[in-house]
Amino acid sequence: MRSAELIELWRGGQRESSHCGDAVICDTRGVVEAWGRPGQIVFPRSSCKMIQALPLIESGAADAAGLTDRQLALACASHNGARMHVDAVDQWLRGLGMGEADLRCGCHMPQDKDENRRLTCGDESPCQLHNNCSGKHAGFLTLNRHLGGGAEYVDPDHPVQQAVKAAFEEVTGEVSPGFGIDGCSAPNWSCSLAGLGHAMALFADPPDDLRGRAMRRLVDAMRAHPEMVAGEGRACTILMRAMGGRVAAKTGAEAVFVAILPDQGLGVALKVTDGTTRAAEAAITALLVHLGVLPENDPAVGRFLTDPIRNWRGLVTGDMRTAPGFPA
């Protein structure tokens, strides 16, 4: 079985390029619909941050620290590094009696234009608070304080990461074949795409137990605070707003995207083989329209899929479209 053609780009009446990948729609019993290879092993990257945040709640660490829903959304975030994100993580760490130096995520320039401009014009360097994963790492530090682990909480054998691994394997229903080190220095465990979709279905239709309640809290936090999950101009935030808080959506590096649909009890997971973000955003948009949670005429659909492609003079030069058979 091969990956499926998902997204095409057309110019001058001819197909100029195409993006292949794999996608699944799952419920808690298994795969409902699939394109390409459901069994393909993938690194979920940042799309699985809600899984990585499960031990934060299940352990009692979140409640012990008095975390708000806004902070729980930030624990699931790949944020822009806007001032509101930086300040929120800073305040969170201060509440723990910690600071930026306790993070292990590294520094990069923020994606947020205003904060990027402020640093550039002020000849300032970014700090770890600007890292798009700093909210997740604040969650790791909160859990680590609760567990009493050592400072290097990103080490694969650290109690924090072992708790994450256990949660990951339980909700995917798979023994992970291994891990890679993510951009933020934390281990990222691999699984099949179907396993990732199954995990998202569990978040959509959780059991009535401690883990289920933790899943529900994280999904509700993401849906209530889409601005914290990504930021202005980002697909996760735009799509969640467009769906009126009915769905949680989360991207990951190298063109992974997931969605959690509580009303339908469904989870969605996809991976574009060539790692192109625009194709992953277009593909998840198409699947959300297919599932009836995103109106076909919503501006978000135009932005990520159906609007004409224009050149620097504003002339229409082509269009993006779904490949034949995707979605059915």
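How do the residues of the lining of the second largest cavity divide into nonpolar, polar and charged? The split is 5 nonpolar, 2 polar and no charged, where Ala, Val, Leu, Ile, Met, Phe, Trp, Tyr, Cys and Pro count as nonpolar, Asp, Glu, Lys and Arg as charged, and the others, Gly among them, as polar. The model is predicted, so local features need pLDDT of at least 70 and side-chain atom pairs 80 or more, while totals for chains, interfaces and linings use all residues. Residues are numbered from 1 along each chain as its sequence is written, and side-chain values use heavy atoms, with hydrogens and water left out.

That lining is made up of Cys48, Gln52, Val164, Phe168, Pro187, Asn188 and Trp189. A cavity here is a set of points, on a 1 Å grid over the protein atoms alone, where a 1.4 Å probe fits but cannot get out, and lining residues have an atom within 4 Å of a point. Strand β6 (187-189) brings the largest share, 3 residues.

Now for strand β8 (residues 248-252); strands are DSSP runs of E, at least two residues, numbered from the N terminus. Because 5 of its 5 residues are buried, β8 is largely enclosed by the rest of the structure; buried means under 20% relative accessible area with a 1.4 Å probe, protein chains only. Ala248, Lys250 and Gly252 sit on one side and Ala249 and Thr251 on the other. β8 pairs with β9 (residues 256-261) in the antiparallel sense over 5 bridges, pairing being at least two DSSP bridges between strands. Threonine 251 has phenylalanine 257 as its bridge partner.

Definitions and conventions. Buried means under 20% relative accessible area, exposed over 50%, partly exposed in between (1.4 Å probe, protein chains only). Helices (H or I, at least four residues) and strands (E, at least two) are DSSP runs, numbered from the N terminus. On a 1 Å grid over the protein atoms alone, a cavity is a set of points where a 1.4 Å probe fits but cannot get out, and a pocket is an open set with protein on both sides within 12 Å along at least five of seven lines; lining residues have an atom within 4 Å of a point.
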